[in-house]
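Please open the model in your viewer and keep the sequence panel beside it. The stops below say what to select next and what is to be found there.

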Amino acid sequence: VQLQASGGGLVQVGGSMRLSCVGSGRTFRGYAMGWFRQAPGKEREFVASTSWNDDKTYYKNSVKGRFTVSRDNTKSTVWLQMNSLKPEDTAVYFCAADSVGSYSPDEWAYWGQGTQVTVSS
């Protein structure tokens, strides 16, 4: 499956942003979808994920209550709604797909290109 992420940019502290990731190719609905991020000099880390039918979602502790992951399989799209953004949320955000999914980026099979999110203070 090919993934295309979009929606990044510059936002002020406390602001909101929504990232989108559109899938194409193989059946999108069969995959768990995840969002990861990578800040300069740091390893890529898990942010959020949703199961193939969106009935289970998982979040990094520091984004719980601020970020929401959702998907629409009819549109082959997954979103990451980010509210109350903080400077430490600044990173390149990636979407990923996998038949299982996990907290480890090494276990995800398909990746989109990153989209930069910058939160200014």
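Two strands are taken to pair if DSSP finds at least two bridges between them. With that in mind, and remembering that this is a predicted model, begin at the N-terminal end of the chain.

**First stop: strand E1 and its partner**

Select strand E1, residues 2–6, together with strand E3, residues 17–24; the two run antiparallel and are joined by five bridges. If you pick Gln2, its bridge partner in E3 is Ser24. Now show the side chains of E1, which alternate along the strand: Leu3 and Ala5 point to one face and are buried, while Gln2, Gln4 and Ser6 point to the other face and are not buried.

**Second stop: the disulfide**

Stay on E3 and select Cys21, then add Cys95, to which Cys21 is joined by a disulfide with an S to S distance of 2.1 Å. A disulfide is a covalent bond between the sulfur atoms of two cysteines. The count of disulfides comes to one. This link connects distant parts of the chain, since Cys21 lies in strand E3 and Cys95 in strand E9, 74 residues apart. Looking about the S-S bond, you should find an angle of 60 degrees, and the link is right-handed. Are these two cysteines buried or exposed? Cys21 has a relative accessibility of 0% and counts as buried, and Cys95 is buried as well, with a relative accessible area of 0%.

**Third stop: Asp98**

Follow strand E9, residues 91–98, as far as Asp98. Asp98 has a relative accessible area of 9%, and because buried means under 20%, this residue counts as buried. Which backbone nitrogens lie by polar atoms of its side chain? The backbone nitrogen of Val100 lies 2.8 Å from a polar atom of the Asp98 side chain, and the backbone nitrogen of Ala109 lies 3.2 Å from a polar atom of that side chain. Leaving aside residues up to four places away in sequence, Asp98 touches Tyr31, Ala32, Glu107, Trp108 and Ala109, so you may wish to display these residues together before moving on.

**Fourth stop: the aromatic cluster**

Select Phe36, Phe46, Tyr58, Phe94, Tyr103, Trp108 and Trp111, which form one aromatic cluster. The count of aromatic pairs comes to seven. Take first the rings of Phe36 and Phe46, whose centres are 5.7 Å apart and whose planes stand at 80 degrees, so that the pair is edge-to-face. This pair links distant parts of the chain, with Phe36 in strand E4, residues 32–38, and Phe46 in strand E5, residues 45–50, ten residues apart. Both Phe36 and Phe46 are buried.

Keep Phe36 selected and turn to Trp111, with which Phe36 forms a tilted aromatic pair, 5.0 Å centre to centre and with 55 degrees between the planes. Here too distant parts of the chain are linked, Phe36 being in strand E4 and Trp111 in strand E10, residues 110–111, 75 residues apart. Phe36 is buried, with a relative accessible area of 0%, whereas Trp111 is partly exposed, at 27%.

**Last stop: Arg44**

Finally, add Arg44 to the view and look at the rings beneath its charged end. The charged end of Arg44 sits over the ring of Phe94, 3.7 Å from the ring centre, and also over the ring of Trp111, 4.7 Å from that ring's centre.

Key: Residues numbered from 1 in each chain as written. Predicted model: local features only at pLDDT ≥ 70, side-chain atom pairs only at ≥ 80, totals over all residues. Heavy atoms only, no water. Phe/Tyr/Trp six-rings, centres within 6.5 Å; stacked < 30°, edge-to-face > 60°. Helix = DSSP H or I, 4+ residues; strand = E, 2+ residues; numbered from the N terminus. Buried < 20%, exposed > 50% of the residue type's maximum accessible area, 1.4 Å probe, protein only. Lys NZ or Arg CZ within 6 Å of the ring centre and 35° of its normal. Polar contact = N/O pair within 3.5 Å; in protein donor to acceptor, adjacent residues only side chain to side chain. Contact = heavy atoms within 4.5 Å. Disulfide = S-S within 2.5 Å.
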